[in-house]
Amino acid sequence: MGNNRKDEVGQKSIHHERCRICGKNNLKPYLDLGNLPLANNLPNTAEEAIAMDRYPLKVVFCENCGLSQLSEVVDPRILFSNYFYRSSMSNTYVKHCEAMAKSFHAKYNLTPATSFIIDVAGNDGTLLNEFKKELQGVKLLNIDPAKNICSISRERGIPAIDEFLSINTALSILVSHGKADVITATNVFAHVNDMREFILSAKLLLHYNGVLVLEFPYLIDYIEGLEYATTYHEHLSYIGITPLKLLCAETGMKIISVEKQNIHCGTVRVTMAHTYSNREIEESVERFLVKDLAGDYTSFAKYESWETACWKNKTELKSIIHNLVAHGYKVAAFAASAKGNTLLNSCSFTEKQIAYIVDDTPEKQNKFSPGTGIPILPVEELERNPPDYLLILAWNFTDEIKARVKDIYKGYFIIPVPAVIIE
């Protein structure tokens, strides 16, 4: 089992010693999940899954600016160059994108004839496809490093380039496409190691009054929802509004609005613009900054007891599932999600406890869960080989999952977080 962090292409991961927003080195750990495999890399055999390289998974807190972040940074080429997650597989997310496209059409006066919309890490083009339907003929571009996912995007009629967003990528796009009116980045900013270059690259691509719209897991929901399982090597940062405001100030941008979104167990939508643009700052920004301070989220004291609550939840889940199996009940799981893989590994579950995982994503089927070796199968396995209990590993989509299996599964559901519930 590999804990070696180097191979023939060079260093696989580096230890992160300075805050990626303020650059200070006073980082204090508050959640240590041990050495875990990469949550989204799905091997072809159980043996490969069990023997996967493992990397430290520890969250640290910057006492200077308040950013929570991982202590280890895995080479993004390993994480993202070939990707199994397909955003179009979630009806909840598709509806979220549809609402976003309709809202932005009116809010930013977008027109098919003149507007240009970029989606960073746009996956298989799900969000841009909704803009395409809303504004037929509008100019679109998906920037995503995964070659396999970009191919799917192009097949759907969404132009895509398989690159990471960087200054060089931005300069190339400026020459070939010009400046954008809207740049969206959903569920990617928390994955970025060099946050400063990301913001500066987007800034370079924005029109004078253009907007950069980020959606990412919200730090306060991460803590209050006991979302320790959303800790994995892709999620480099756990972001509040206070440190993000500091980053904007240092990159010539301003936050003009902050909105909560009811998706992914708590997401925040932050809209930014050039400091010199005429877009006004809405009162929501101050409200969220006050919330950071009022909840003490800029102080390490807030986080010291949180890890204890995480271990308590994990211990309870392990005890319940081990007892069920010991009494002859079969337990399976739904969703080979990254957070699910973190949960399975942190609980040390194997095929002895979880018979199999089902998932609708074709690219994940007939693969194996990293670290655990649990097989990933089509959803129809619930009918062919029914379990007594189904552990939901994408609990942010619990209602959607229940609706998906209602005609083929008649057993109990286990929802693990924020409290273990059996229903």
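## A walk through the predicted model

Of the 423 residues in the protein chain, 57% are buried. Keep in mind as you click around that this is a predicted model.

**Stop 1: the whole chain.** Show everything as a cartoon. You are looking at 15 helices and 21 strands. Along the principal axes, the C-alpha atoms fill a box of roughly 65 × 45 × 45 Å. How does the radius of gyration sit with that of a compact globule? The protein chain has 21 Å, which agrees with the value near 22 Å for a compact globule of 423 residues. Now turn on contacts, if your viewer can do that. Taking contacts with a separation of 6 or more, 70% come from residues 24 or more positions apart. Switch to a surface view before moving on: the accessible surface comes to about 17000 Å², and carbon and sulfur atoms hold 51% of it.

**Stop 2: helix H9.** Select residues 241-251, which make up helix H9. Which of its residues are buried? Color Ile241, Pro243, Leu244, Leu247, Cys248 and Thr251, since these are the buried ones. Look down the axis and you can see why they belong together: they cover an arc of only 160°, so they sit on the same side of H9. Next, bring up what covers them. The cover includes two helices to select, H7 (195-205) and H10 (283-294). It also includes strands E12 (206-217), E14 (253-261) and E15 (267-274). Before leaving, step just past the helix to glycine 252, which follows H9 and has a positive phi, near 75°.

**Stop 3: serine 68.** Jump to strand E6, residues 68-70, and pick serine 68. Is serine 68 buried or exposed? Its relative accessible area is 0%, so serine 68 is buried. Show its side chain together with that of tyrosine 30: the two make a polar contact at 2.8 Å. Then select what else is around. Leaving out residues up to four places away in sequence, serine 68 touches Tyr30, Val59, Val60, Phe61, Leu219, Leu236, Ser237, Tyr238 and Tyr303. Leave Tyr238 highlighted for the next stop.

**Stop 4: threonine 230.** Go to the loop between helix H8 (219-224) and strand E13 (237-238), where you'll find threonine 230. With a relative accessible area of 10%, threonine 230 is buried. There's Tyr238 again, as threonine 230 is in contact with Tyr222, His235, Tyr238 and Lys339, leaving aside neighbours within four places in sequence. Zoom in on its side chain: a polar atom there lies 2.6 Å from the backbone oxygen of glutamate 227. Now select threonine 342 as well. Threonine 342 is 112 residues away from threonine 230 in sequence, yet their C-alpha atoms are 7.3 Å apart in space.

**Stop 5: the salt bridges.** Time for some charged side chains. How many salt bridges are there? The count comes to 18. Here are a few to select.

- **Aspartate 124 and arginine 156.** Their side chains meet in a salt bridge, 3.3 Å from N to O. This pair links distant parts of the chain, 32 residues apart. Aspartate 124 is in the loop between strand E8 (116-120) and helix H4 (126-134), while arginine 156 is in the loop between helix H5 (147-155) and strand E10 (160-161). Aspartate 124 has 0% relative accessibility and so counts as buried, whereas arginine 156, at 29%, is partly exposed.
- **Glutamate 381 and arginine 384.** Here the N to O distance is 3.1 Å. Both residues lie in helix H14 (residues 381-384), three residues apart, which is about one turn of the helix. Glutamate 381 is buried, at a relative accessible area of 14%, but arginine 384 is exposed, at 56%.
- **Lysine 406 and aspartate 407.** The closest N and O atoms of this salt bridge are 3.5 Å apart. Aspartate 407 is exposed, with a relative accessible area of 60%. Lysine 406 has 49%, and the cut-off for exposed is over 50%, so lysine 406 counts as partly exposed.

**Last stop: a small network.** Finish by selecting Lys147, Arg154 and Asp162 together and showing their side chains. What links them? These residues are joined in a network of salt bridges.

Notes. Residues are numbered from 1 along each chain as its sequence is written. This is a predicted model: local features need pLDDT of at least 70, side-chain atom pairs count only at pLDDT 80 or more; totals for chains, interfaces and linings use all residues. Side-chain values use heavy atoms; hydrogens and water are left out. A salt bridge is a side-chain nitrogen of Lys or Arg within 4 Å of a carboxyl oxygen of Asp or Glu. Helices (H or I, at least four residues) and strands (E, at least two) are DSSP runs, numbered from the N terminus. Buried means under 20% relative accessible area, exposed over 50%, partly exposed in between (1.4 Å probe, protein chains only). The arc is that of the directions from the helix axis to the C-beta atoms. Contact means heavy atoms within 4.5 Å. A polar contact is a pair of N or O atoms within 3.5 Å; within protein, one must be able to donate a hydrogen and the other to accept it, and residues adjacent in sequence count only if both atoms are side-chain atoms. The radius of gyration is taken over C-alpha atoms; the globule rule is 2.2 Å times the number of residues to the power 0.38. Accessible areas come from the Shrake-Rupley method with a 1.4 Å probe; for residues, only the protein chains shown count as cover.
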